[in-house]
Amino acid sequence: MFHPDLIRHPDSCPALVLNADYTPLSYYPLSVWPWQTAIKAVFLDRVDIVAHYERAVRSPTAEIKLPSVIALKQYVRPSAFPAFTRFNLFLRDRFACQYCGIGRDLTFDHVVPRAQGGRTTWENVVTACAPCNLKKGGRTPKQAQMPLYVEPIRPTNWHLQEHGRAFPPNYLHDTWHDWLYWDVELEA
């Protein structure tokens with residue numbers, strides 16, 4: 001029987017990476033490895049194959065189905081706090097301006113402007129759309145009469161992962177669903 005994976009190019013076959021406890025290393029960005037890295041990890045005995053694509057790659061002496069879900073053999077302890085990056089800031093703020101709620105033309109804004117002694121920290125930077133950022137200018141939200149939807153905090157990795165569940169990537173292979181969204185109600 002014909003299977004869509006059989007015509008899939010190997011570069012379109014990333015492997016979902018699970019920790020040794022079979023939870024995803026990361027939701028957003030989703031922890032995936034290219035097929036070459038996954039195959040190498042299999043041969044180095046660093047991972048277990050949990051599921052695979054129907055697509056296979058061949059060498060002169062062997063054929064192996066490409067792994068679609070792999071689990072690390074050694075547990076990787078996640079760090080408690082994420083790095084302060086633009087992407088992580090947008091994720092903390094759910095990709096929405098903290099002044100008007102719009103989700104496009106995003107940048108970041110210092111709540112207390114640097115000109116007034118504000119620093120670039122989790123607690124002083126928020127996601128803002130360009131028009132709101134321009135409107136606020138070098139003033140505080142109170143001075144500009146632009147209240148924040150949510151006061152900025154330093155998120156934990158768990159906090160960002162929970163937000164990441166709301167933004168699934170464009171590509172989710174069928175074999176990944178059981179490992180990504182286990183918070184759904186189980187059937188009896």
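Helix 5, spanning residues 157-164, is largely enclosed by the rest of the structure in this predicted model, because 6 of its 8 residues are buried. Those buried positions are Asn157, His159, Leu160, Gln161, His163 and Gly164. As for what they sit against, the buried residues of helix 5 pack against helix 2 (86-92).

Elsewhere, there is an open sheet to look at. Its 4 strands come in the order 2-1-4-3, and the pairing is mixed. Strand 2 (32-33) and strand 3 (47-58) form the edges, each pairing on one side only. In general, strands of a sheet pair through backbone hydrogen bonds, in either a parallel or an antiparallel fashion. Here, strand 1 (residues 15-18) and strand 4 (residues 63-72) run parallel and are joined by 3 bridges. Leucine 16 has valine 69 of strand 4 as its bridge partner. Helix 1 (residues 35-43) lies across strand 1, strand 2, strand 3 and strand 4, and runs at about 85° to strand 4.

That brings us to the nonpolar cores. The largest one holds 15 residues, of which Leu16, Leu66, Val69, Trp176 and Leu180 touch the most other members. At least two residues of this core come from each of strand 1, helix 1, strand 3 and strand 4. The bridge partners leucine 16 and valine 69 thus turn up again among these well-connected core members. Tryptophan 176 also touches both of them, and its contacts beyond four places away in sequence further include Pro14, Ala15, Leu30, Val32, Tyr53, Ser68 and Tyr171. A second, separate core has 10 residues, among them Cys97, Val126, Ala128 and Cys132.

Notes
Residues are numbered from 1 along each chain as its sequence is written. This is a predicted model: local features need pLDDT of at least 70, side-chain atom pairs count only at pLDDT 80 or more; totals for chains, interfaces and linings use all residues. Side-chain values use heavy atoms; hydrogens and water are left out. Buried means under 20% relative accessible area, exposed over 50%, partly exposed in between (1.4 Å probe, protein chains only). Contact means heavy atoms within 4.5 Å. Two strands pair if DSSP finds at least two bridges between them. Axes are lines fitted to C-alpha atoms, for helices over the stretch in contact, and angles run from 0 to 180 degrees between N-to-C directions. A nonpolar core is a set of buried Ala, Val, Leu, Ile, Met, Phe, Trp, Tyr and Cys residues joined through side-chain atoms within 4.5 Å.
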